[in-house]
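Student: Please take a close look at one topic here, disulfide bonding. I would like the details set out pair by pair.

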Amino acid sequence: MWTSAQVPEETNRPLNPRQAAAPRPGRHRKPMTAPKTQKEKASKRKKVLLTILTVVILLGILVTAAYFIKQLIDSKYFFCKSALKFIPLDKACDGTNDCKGGEDEITCVSSFTVNTTFPVRLMMSRQVLQVYSQGQGWRSVCSDNWSEQNTKTACKQLGYTLKPSSTSVPVNTLTSSLKNGRFTAIKPGTTNTPIHQATIDQVCKSGSVVTLSCSDCGQVGTTGRIVGGTDAFIEDWPWQVSLQQGGHHTCGGSLVSPRWVVTAAHCFTGSKKELSRWRVLSGRTYIGTLGGSYVDRIILNGDYDPVRNDYDIALMRLSSPITVGEVRKPVCLPPKAFGLPTSASMAVTGWGYLEEDGKVSPSLQKAFIPLIDQAKCSSPTVYGSAITQRMMCAGLLEGGVDACQGDSGGPLVYLTASQWHLVGVVSWGVGCARERRPGVYCNVEEMLNWIHTVVEVQNTT
């Protein structure tokens, strides 16, 4: 039986219809644009760099402004951390507790008076070792039983030690005062005992005494204001330092060990007694104000007389030792009875005024000046009775070359063989480079007992 096939109706619908994608809001087709040119990219980079540079400059200005604002505040006020308040700087270190817990009276300049005899010294230019005890007095140490460890022990007692060495000198070659003096020798088995406690009086069986060289102090690689001086380089005077308060050069000073500076007591008068205000700049020919070493001790000689400028010496201890090198190196302290020759030529250095009532020199200056006989300097036509045993004079009586303001506390040095010795500390004078008004210096040889005692006491605290 024939049947008719059922034919589907025509339609426009596709056989496999795709689901229509609903349009998403905010999604648009990216417009077709031309790529950026190299010029436009360079311009964009330039704008970024300019922005960064502007930010850096602004930050630099802010940091600089903050630094100078801090310097200005520090020059006038002391900040009490415990109470979070400022007090006038002249109230710090005035003997009255203005901060909670006396914070403003803790880190201050102190004074120290020595009434004892430091028991070890080097004698005369040959640096003969001597020890002292009450009742026995001073005695030269014989070479008998002397060892390398004894050398190290003795030099440690005397302060700055680097590659210490000793030699034996025949007694018959000494000056009469030493040749005819008393002698002592090391007791066996006392290599680490302080030298003055390790000796026993006896005749020198060896016929010789010990001389010491404790360090490479006072040695330089080569070889004045200073009013009438000339430019100098720190490499030739590496012990010279600048003492600065509030970023301003105030005085000079001399490194006598990696941690100790000798200077003048009068540098710390008035409102200059607070330790945190001070920095010690070393290794600089040009004075500068940035950087420097912090200070944790400033000790004035307890006998300092500000009216007469007598005993005008002080010691500063750096918070950490300097690194010894070409531009930083201690000067030697002189031995006792150094015996400067008449009219000895000495050098004075510093950044002080180039002329009376002038300005501080930006670069280090030096001048060579002769020693002036003590009797001549204390004569009525020069300084008269103002000169004491703790003072020495150097310069030209006709004037023209002299230390000046800003040189105070700086070194007066004398060269023997290959070592410079600190013989004087710039102290005072009438004007600068005036006729018959030479510079007056604290006599370091007269202060050796005080210096050695202070360093020993402070190094144990």
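**Disulfides and their surroundings**

Tutor: Cysteine 393 has a relative accessible area of 1% or less, namely 0%, and is therefore buried; buried means under 20% relative accessible area, exposed over 50%, and partly exposed in between, with a 1.4 Å probe and protein chains only. The model is predicted, so local features need pLDDT of at least 70 and side-chain atom pairs count only at pLDDT 80 or more, while totals for chains, interfaces and linings use all residues. Residues are numbered from 1 along each chain as its sequence is written, and side-chain values use heavy atoms, with hydrogens and water left out.

The partner of cysteine 393 is cysteine 377, in a disulfide whose sulfur atoms are 1.8 Å apart; the term covers a pair of cysteine sulfur atoms within 2.5 Å. The link of cysteine 377 and cysteine 393 is left-handed, with -75° about the S-S bond. Because cysteine 377 belongs to helix α4 (residues 374-377) and cysteine 393 to strand β20 (residues 391-394), the pair ties together parts 16 residues apart in sequence. Here helices (H or I, at least four residues) and strands (E, at least two) are DSSP runs, numbered from the N terminus. Cysteine 377 counts as buried because its relative accessibility is 0%.

Across the whole structure, a search finds 8 disulfides. In general, such a link is a covalent bond between the sulfur atoms of two cysteines.

One of them joins cysteine 80 to cysteine 99, with an S to S distance of 1.8 Å. The torsion about this S-S bond, between cysteine 80 and cysteine 99, is about -55°, so the disulfide is left-handed. The pair connects distant parts of the chain, 19 residues apart: cysteine 80 sits in strand β1 (residues 77-80), and cysteine 99 in the loop between β2 (85-88) and β3. Both cysteine 80 and cysteine 99 are buried.

Cysteine 251 and cysteine 267 make another disulfide, with their sulfur atoms 2.1 Å apart. Its S-S torsion is about -100°, so the disulfide of cysteine 251 and cysteine 267 is left-handed. Cysteine 251 is part of strand β13 (residues 248-255) and cysteine 267 of the loop between β14 and β15 (278-282), so this link ties together parts that are 16 residues apart in sequence. Cysteine 251 counts as buried because its relative accessibility is 3%. Cysteine 267 is also buried, with a relative accessible area of 1%.

A further cysteine, residue 442, has 2% relative accessibility and so counts as buried.
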